Each structure stands twice: as C-alpha cells, then as structure tokens.
Amino acid sequence: MKVTGIKDNIKLRINKDRIFLSLVVLFSVITVSPIVLIIFKLIEKGYKQLSFSFLIEKTPDTLQAMSAISAHEVIPGGIANGILGTFLMVALAGVIAIPVGIISGVYLYENQGKLMANLVRNVSDILQGVPSIVLGLISYMWVVKHITHGFSALSGSVALSIMMLPMIVRSTEETLKMIPQTLKEAGLALGIPYWRVLFGILIPTGFSGLMTGILLAVSRVIGETAPLMLTALGSTVINTNISKPTSAIPLLIWEFYNDPNMVDLIWSSSLLLMIIVLTFNLVSKQVAAQRK
Amino acid sequence: MNTNILEIKDPILSIENLSVAYDKNVAVKDVSVGIKKNTVTAIMGPSGCGKSTLLRVLNRMHELYENIHTTGTVLLNGEDVFKMSPIKLRRRTGMVFQRPNPFPTMSIYDNVIAGYKLNGISQKKAERDEIVERSLRDVALWDEVKDSLTKKGTFLSGGQQQRLCIARALAFNPEIILLDEPTSALDPVATSKIEDLLITLKENYTIVMVTHNMSQAARISDYSLFMYLGELVEYGKTKNMFTNPQDRRTEEYLTGKFG
Amino acid sequence: MNSDKITKIVLFSVSFIILIVAGGMVFSLVGGAIPAFKTFGLGFITSTQWDPTDGHEVYGAMPFIAGTLITSFAALIISFPLSFATSLFLGEYYRNTFVAKILGTMVDLLAGIPSIVYGLWGFYVLRPFLIDIGFENQGFGVFTASLVLAIMIIPYATSLSNEIISMVPNDLKEAAYSLGATRYEVIMHVTVPAARSGIFAGYILAFGRALGETMAVTMLIGNSIKMPNGLFSTGNSMASVIANQFGEADGLKLSALISIGLLLFVITGIVNWIGKLIIKKMS
C-alpha cells in the first residue's frame, strides 16, 4: 500500500533550495564587504601621508595646515602626540586591569558555583555591557573631578581599564577551566603552596590563553574615542604626565574631522589606527590558534 | 559467485556490485545481495566493517557528506535508486537512527506527520489525523499518547521516543524501513518492546536493520548478513548462519572471538 | 595565618574590586542625576524639551531615548538578513571549511574596526552615495546611522547564532533528510527552530551593543535636538548627546547628561540581562 496522490512539486522545492543557498552566499559576501571597502578606502587615501615623520612629529596647528594646503604642499607634522598618548593610556589601563582581571578570574575559577563568585561573575558581565561613553562619564566624575582635578591621561586609563577588566576576567576563567584538574592536584600533592600552584603552575600553563584575552581586550580599547573625549580630552603637545590632558590617535581623528584644514590627516591617522588594531587582533588570533 | 551468499528470488531491494569509498578508504567492497520482501534482515559485523555505510547508501543518506563515492547499483522494486530524485527515494524508505531523535520543537502529533510537513504536502485535517493514528497504532504507541498528542515528543521515555521515530518513518508507508542500531541507546525492557514491534511490522513492511547485538539478530531476523572489513562475508537464513556458519570469520565473530 | 588562607583572602579582596567599581558606578550615576531629577521630576524622561539657555533651562531625555531606540531597532532589522545568512554560511552550509574560516575571520575583524572609523566611512563614502540617490538633510539622519550601526553589530549577532546553529545535533537533521526534506526545508523546519532561542539571544545582545554606540552615530545622525519624526529625519541618540554636549556642560546641564547616562546604563543593562537570561535558560 504505497501512498499515492502525493502532490508536491519537487522541481520547485529543489529550485527554492538552490535560490536560498545563493541568497545565503550573496548576503554573507555583502556582510563582509564593508571590511574590504573600509580598508581599501583607508589605504587609498591614507598611504601618501604615512611617513616616518608622521610617526615622530606632533600635530601641526590649524594655521600651519592651512598655509600648507594653500601652497599645495603636504601638511607638515604628524601624530606622535596621539601615538604616545594612546600607548601611555592603554599601557596604564593594562597595568590597572590585567592584575585585577587575572586574580578575579582565578577567584571565579577556584569558587565555581559559590554564591559570591556567581555574583562577581554576573556583575562583571554587566560591566562588559556598559556603553563606553558611560564609562567616560564615570571616570570624569571620579578621576577628573576628584583625583587629577582636570582632564588627564589617568582618567582616560581608568575608563579604558573598566572596559578591559570584564574581558580579562572572563578569558582567564575560561582558560583555567580548560586546564586539567589533575595538574593542580599534582602540584598540591607535591606539597607546593596553594598560591604557587595557582600562579606558578596554572597561570603559566594557561599563559597563551590569557595572552589572547589581554590582546583582544587591548585591541578593543585602542580604538575607543568616546570615553576619552570626556576624560583625556586631547592635547597638541607630547605629554607623559598622567595627570595632564593627553591626546590619543582616535581623539586626533576626531579633531581632524572637525577641523576643515586638517581633514587630509584623517585618513593616514585612521589607517595607522586600523593597522595597530588589526595587528593586535590578528596576533591574538594567532596566539589562540597556536594553543590548539 | 560466492557460495556463502544466498540468492533471493524476486527481491524488493537488490544491491549489485556496490562499493563505497571515503576519499581513498574503501568502506564497502563489491557487495551484491538481495533483500526479501516482508522479512527482517540483520546486518552484523564488528565496528568499522561498513555496515552503517551500506545501510545509508540504500536511501542515499551518504550523499550528505562530501568525498564519498559509490559504484554499483541498488534497485528498489526494480528501479535504480541512483537515478531517482533522493527526495522521492527517501519518502519510499523510512529510516530510524541509533538514538531516538524526535524533533524537539514539534509535538508528538507533528513529529508523526513531520514527513508531510517537511515536504510541504498539504492535506485535510481528517487525512492527517488518520495518518497519525494509523502510524501510532502501528508502533503500539497510540493508547499511550492519544491524550497527549500536543505535548512535545521529547517528554516521552527513551523507548517511547524511539517508537515515535519509527511511527514518523512509517507515516509515508515506506516500501522498506532502514534501522541503524535502533536499540543501542535503550534499556532491556524498551529494547524487547521494539523487537516485538519489528516482528509484527514485517507483515506489512520490509525491514533492514544494522545491529551490534548478535542475540538480537538471532531473536528477530529472518536473514542475516555478516560483514567484515567492508566485505560481505556471508549471507543466509539467520537460523542456518547461527547454527552452521560457512565462513571461519563468521564463526569467530558469532562465538565472540572478535567484535 | 598560613599562606593558603592569605591567598584566598587576596583572591577574594581583589575580586571585590569589581563589585566596588560596579556599585560605585551606580552610586555616582544616581548621585549625579539627582539635581536633574529633582528639578524636572520623572518628567525628565518623558519631556521633549531641551533648552540650555541660562535662566530658563529645560531638559528632557525623550528625543534621545527615542533616537537611540529607533536607530538601534532599525539597525537590528537591517542587519537581520545579513547576519542570519552569515550564521548559516558559517554554522551550516560551509561549517569547518576553509572558506568559512576566512569569512569568519573577516566577520571578527568587523568587530575590531573602531567606531570612529565606521563613522568616517559612513560620512565620506556612504553619505555621498545616499545624497546621490536622493536623501535629504545632506544624507544625515536616523537611517544613515542605522545602516552603519547594522554593519557594526553583525559580528555580535552572528557569533552566537553561528555557534548555536552549528551545535544542532546532526541526527536531527539526518532524520529530516531521511524523510525527503531538502536542505532548505531542514534548515527552516529543524535547524532554525532548534536553535531559535540562541539566535534570538544573539540579536538581543547585538541590540544592547547598538544602544551604546557613540561615535559612528554621532557622526551620522545629524545631531539635531528634536524628536525624530521618521526614519529619514535627523535626530540624536543618548550616547551622542552626551558626547556632543559634554564639553560645555556644568551644573544642571551636566546633571541632565549624567541622567541620560544613567538611563542608558539601565536600558542596556536590562537588554543585556534579558539576553543572558535566554542563554542561561538554553544550557
């Protein structure tokens, strides 16, 4: 007793199947096309300005830029103040966030399922979702108002460090979870003190995992603009005093964008920023891939 | 012709010189065998012998994975399955898997009728109701679930789930039912219920079953196939094969020397 | 006291910093918001007035709340077909292939592009194109911001749903194939329903991302202080009004901006919490 009279159009169904696959491929290509378009645009418009002096000289003032434009010359100067400011603030943010993040990650790993650890984990997740501009406001209220009494590199770093912190906490915990429990037990069985087992055995074993997390966190904060507008403010001079206003590459891009005389510098600065961000991004992926 | 391989007259399914290779590893080597209508045929052999691969070629499920090549022919009621649309072929053959796998997002009712829904076949409600009731009665599940047809299939016990999956495969009234170790994830009680069910089902259907379990093959199959390293070593009536195996390898397998 | 105990105390106290930071954040935001709420009451949230002129200062957050919600929601809708297709590409059709690895890396890189670079690209590349096809307001507005925002949130929507789609058990899909379904039918009737809460959670988290984006939105939305009246009107978002108006702010205006920050914090918190809840329920 065969089922007869089944009415369906197999040809139509197969065509639908094919059309759907074509759409999936087409839309996927559209999805990733902006990355190609953006990078090409940056290279096309930015490579000319990129030179050694661009990296080591500070930004010109708007008059210098204007006279260079009217003389059809390349705008003099560079973005050294931004590059240095970015590295200063990100490094300082790392100094704050990395130890706290790693130790908290270890705490979460060591206290799986406990009430307090769950609370810390959930709060850390909430912090991860806080918009960066709000972190800028917070650091303004805390550091600018009460610690440095003015816009400062430190306040920028504090905002960035709160951004990095939850990413490092999470990657530390996830990395440690993947290390076999027996390793810890072996260490303890040898009579090695607890703290040495944690920081002398577990952390080095998971080192590349932690590195991946840290590099990724750094690559995320390097391009941040909004929180720095509220905290570091920007500066036309090279500054290494953490209690003084400081520039950063994204802040300079924002300034160039708002100054008609400086517009030509936007692309080279953005290209440089992208190179730095993507390098961190790809290196972190490489470190992660090597682990496997 | 290998004398250890029984010839079947008027087979419903006829496999001729079938070879299957993954990349360069040959999984099934030149198998020729006929399956008799309204019987239970068991495919046995140690793991990796190619028994699951053989079963999957019968409804062309192997084509879901790349780099698998087949040569030879398979005829279902005289029609070459490789020349059919796989959609039609799979509606004419039902398949049951190792683990019960009712669709978790569908109700019991929808699981039974899933074949029709997936194929976009529209019917009147009365027709659907009839198919669901008939299929569930066929697997002796109707009385247990008739009041909870709208519940999710995943709420049933493992054995019930597997019977639901058999009902799902029966809904199209397939000419042949392919089972891939259908009781390997079940407890002994559920297993024996499924075995009883298969014996009753062969009145209306033809059943081909891969099994790991020799005593199961002995209990319910009429014919048995023994495969080893991709080769069909022996094929015959189950009774004969278990009492008087022709090949040394079959004997060693049946006496537990390897497996 | 032995060293084990000290270690435990150190671990605990350092982790406690996270709680202090979060608690302090809420405390400071609420504290900073008090003057604005004291002056305008809950009407601050619903009012559409924004006038910083000395003497008759009036502040209301509604235009920015509306701007944020509309741009984020529109971005979500625009990104849906793209990220849905991408997660099927990565998690189903080309799972574990070289092409998928390349495409997946590119999607990840999308998440790495700084917001300000997206803004520049929107401003210098997308906007002229939109003007050419007849957009008003010099190509600025809610829709332009949503378009760029849509690209920015794709990686967040895709990464979770791609993972969940690739985790749908193979034997479920095989069962559907064995009944004669085509791949499209298997995806629509089996794979997507089985993965739907994960896909949904991914979009919620992406929405949470969109809510807080600042630079790209600021550079494209037009920054007009008014209720957006439609997709193609200019407007302002919560994050961008903070960025724009912060420079010259003190007193009541600063408090109003902090209040908007507090509201943004609460809204993104709720959205992210819902997303996390769905994820937790799944596992």
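K239(B) lies in helix α10 of chain B, a helix made of residues 238-243. In this predicted model, K239(B) has a relative accessible area of 70%, so K239(B) counts as exposed. K239(B) belongs to a patch of positive charge on the surface, where it gathers with K9(B), K36(B) and K237(B). Residues in such a patch take part in no salt bridge.

Other charged side chains of chain B are paired. Over all chains, the structure holds 24 salt bridges, and several in chain B can be followed by residue number. D110(B) and K117(B) are one such pair, with a nitrogen-to-oxygen distance of 3.2 Å between their side chains. D110(B) is partly exposed, at 21% relative accessibility. The cut-off for buried is under 20%, so the 21% of D110(B) does not fall in that class. K117(B) is partly exposed as well, with a relative accessible area of 42%.

In R137(B) and E133(B), the side chains meet in a salt bridge of 2.7 Å, again taken from N to O. Where do R137(B) and E133(B) sit in helix α5 of chain B? The two residues are 4 residues apart in this helix, which covers residues 125-138, and that spacing means they are separated by about one helical turn. R137(B) is partly exposed, with a relative accessible area of 46%. E133(B) is also partly exposed, and its value is 28%.

The pair R249(B) and D247(B) has a salt bridge of 3.2 Å, N to O. How exposed or buried are its two partners? R249(B) is partly exposed, with a relative accessible area of 23%, whereas D247(B) is buried, at 14%. In chain A, salt bridges link R121(A), E173(A) and K177(A) in a network.

The next stop is the backbone of chain B. V40(B) lies in strand β3, which covers residues 40-44 of chain B. V40(B) is buried, with a relative accessible area of 0%. Along the sequence V40(B) is 59 residues from R99(B), and in space the C-alpha atoms of V40(B) and R99(B) are 20 Å apart.

Further along chain B there are residues with a less usual backbone angle. Most residues other than glycine have a negative phi. R60(B) is not a glycine, yet its phi is positive, at about 60°. R60(B) lies in the loop between helix α1 (51-58) and strand β4 (68-76) of chain B. With a relative accessible area of 9%, R60(B) is buried. A140(B) is another residue other than glycine with a positive phi, and its value is near 60°. A140(B) is found in the loop between α5 and α6 of chain B, where α6 covers residues 142-145.

Chain A can be described by its elements. What does the secondary structure of chain A come to? It comes to 13 helices and 0 strands, so a reader who follows chain A from the N terminus meets helix after helix. The C-alpha atoms of chain A fill a box of roughly 90 × 70 × 35 Å along the principal axes. The radius of gyration of chain A is 25 Å, while a compact globule of 292 residues would have one near 19 Å. Of the 292 residues in chain A, 53% count as buried.

Chain C has 11 helices and 2 strands. Where do the strands come in the order of elements? Read along the sequence, the pattern of chain C is α-α-β-β-α-α-α-α-α-α-α-α-α, so the strands follow two helices and precede the other helices. Along its principal axes, the C-alpha trace of chain C spans about 75 × 75 × 30 Å. Chain C has 283 residues, of which 58% count as buried.

The surface of chain C has a patch of another kind from the charged one in chain B. V266(C), I270(C), W273(C), I274(C) and L277(C) form a nonpolar patch on the surface. Together these residues have about 470 Å² of accessible area. W273(C) has its place in helix α11 of chain C, which covers residues 251-282. Its relative accessible area is 53%, and because the cut-off for exposed is over 50%, W273(C) is classed as exposed.

Key:
Residues numbered from 1 in each chain as written. Chains lettered and ligands numbered in written order. Predicted model: local features only at pLDDT ≥ 70, side-chain atom pairs only at ≥ 80, totals over all residues. Heavy atoms only, no water. Patch = residues over 30% accessible without salt bridge, like charges linked within 9 Å, V, L, I, M, F, W, Y side chains within 5 Å. Areas by Shrake-Rupley, 256 points an atom, 1.4 Å probe, with all protein chains shown as cover. Salt bridge = Lys/Arg side-chain N within 4 Å of Asp/Glu carboxyl O. Lys, Arg positive; Asp, Glu negative; His and termini not counted. Charge placed at Lys NZ, Arg CZ, Asp CG, Glu CD. Buried < 20%, exposed > 50% of the residue type's maximum accessible area, 1.4 Å probe, protein only. Rg over C-alpha atoms; globule rule 2.2 N^0.38 Å.
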